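Hi everyone, thanks for coming. Let me put today's structure up on the screen, and then we can walk through it together.

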Amino acid sequence: MSTANWSSGWQMASLIAGPPLFALAFGFFSPSPLSLGGFADGLCYASLLLLMAWGVLFVIQGQFFTAFWISCKRFFASWRRQESYISKVEGGQNEGMYELTGQDDVSFQPRLIPHGPFFWAGAGYFAVSFIFSLLFIK
């Protein structure tokens, strides 16, 4: 399967409109009075959340954990082969021999969320909040 369709629809609209709405909500619920500086702080927090979501998606879609799991399987398969060879030479039986086959690979393709829009929205909103912060320094 392919990645989700982010060219139009509510996903892209929520990614674009979400951080300013979060910043407004942050301004209403913060103990300080509502100001553009508070809005810039909320926008910065929202952009940092988007950048963290990008990082998580980047690591997951880079298949770091899958590669780690397959490497562990290969290591233990080679370890078990050495044990089975030693037991075979010593006259033991060949029970428990494990060989790594192509069946250990993932046989399905999950539907992935593209991580690029999260990075660009987070970086853009972070730049905007940084500029707001510079403009409203007291």
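**A walk through the chain**

Of the 138 residues in this chain, 19% count as buried, where buried means under 20% relative accessible area, exposed means over 50%, and partly exposed is in between, with a 1.4 Å probe and protein chains only. Please keep in mind that this is a predicted model, where local features need pLDDT of at least 70 and side-chain atom pairs count only at pLDDT 80 or more, while totals for chains, interfaces and linings use all residues. Residues are numbered from 1 along each chain as its sequence is written, and side-chain values use heavy atoms, with hydrogens and water left out.

How confident is the predictor? The score here is pLDDT, the confidence in each residue from 0 to 100. The chain averages 75, and 71% of the residues score at least 70. Among the elements, helix 4 has the highest mean pLDDT, 87, and helix 3, residues 64-89, has the lowest, 74. Over residues 94-98 the pLDDT is below 50, and this stretch has 9 contacts in the model beyond near neighbours in sequence. A contact means heavy atoms within 4.5 Å.

Now the overall layout. The chain has 4 helices and 0 strands, running α-α-α-α from the N terminus on. These are DSSP runs numbered from the N terminus: helices are H or I with at least four residues, strands are E with at least two. Of the contacts with a separation of 6 or more, 70% are between residues 24 or more positions apart. The accessible surface comes to about 10200 Å², and 69% of that belongs to carbon and sulfur atoms; the areas come from the Shrake-Rupley method with a 1.4 Å probe, and for residues only the protein chains shown count as cover.

Let's start with helix 1, residues 10-29. Where does this helix kink? At Gly 18, by about 40°, shortly before the proline Pro 19. The bend at a residue is the angle between axes fitted to the seven residues ending there and the seven starting there. Leu 15, Pro 19, Ala 23 and Gly 27 are buried in helix 1. A quick reminder on helices: an α-helix has 3.6 residues a turn, so residues three or four places apart point the same way. The cover over the buried residues of helix 1 includes helix 2 (36-61) and helix 4 (116-135).

Those helices meet again in the core. The largest nonpolar core has 9 residues: Leu 15, Ala 23, Phe 39, Leu 43, Leu 50, Leu 57, Phe 118, Ala 121 and Tyr 125. By nonpolar core I mean a set of buried Ala, Val, Leu, Ile, Met, Phe, Trp, Tyr and Cys residues joined through side-chain atoms within 4.5 Å. Helix 1, helix 2 and helix 4 each give two or more residues to this core, and the largest share, 4 residues, comes from helix 2.

Let me zoom in on one core member, Tyr 125, in helix 4. Is Tyr 125 buried or exposed? Its relative accessible area is 17%, so Tyr 125 is buried. Leaving out residues up to four places away in sequence, Tyr 125 touches Leu 15, Ile 16, Pro 19, Pro 20, Leu 43, Ser 47 and Leu 50. Tyr 125 and Ile 16 are 109 residues apart in sequence, yet 9.2 Å apart in space, C-alpha to C-alpha.

Ser 47 from that list sits in helix 2, and Ser 47 is buried because its relative accessibility is 0%. With the same sequence neighbours left out, Ser 47 touches Gly 122, Tyr 125 and Phe 126.

Finally, the aromatic rings. Rings of Phe, Tyr and Trp (its six-membered ring) pair if their centres lie within 6.5 Å; planes under 30 degrees apart are stacked, over 60 edge-to-face, and the rest tilted. That gives 5 aromatic pairs. Phe 64 and Phe 65 are edge-to-face, because their ring centres are 5.2 Å apart and their planes are at 75°; both residues are exposed. Phe 119 and Trp 120 form another edge-to-face pair, 5.0 Å centre to centre with 75° between the planes. Phe 119 is partly exposed at 27% relative accessibility, whereas Trp 120 is exposed at 62%. Ring pairs also link Trp 54, Phe 58, Phe 119 and Trp 120 into a cluster.

That's my tour, thank you for listening!

Technical notes: pLDDT = per-residue confidence, 0-100.
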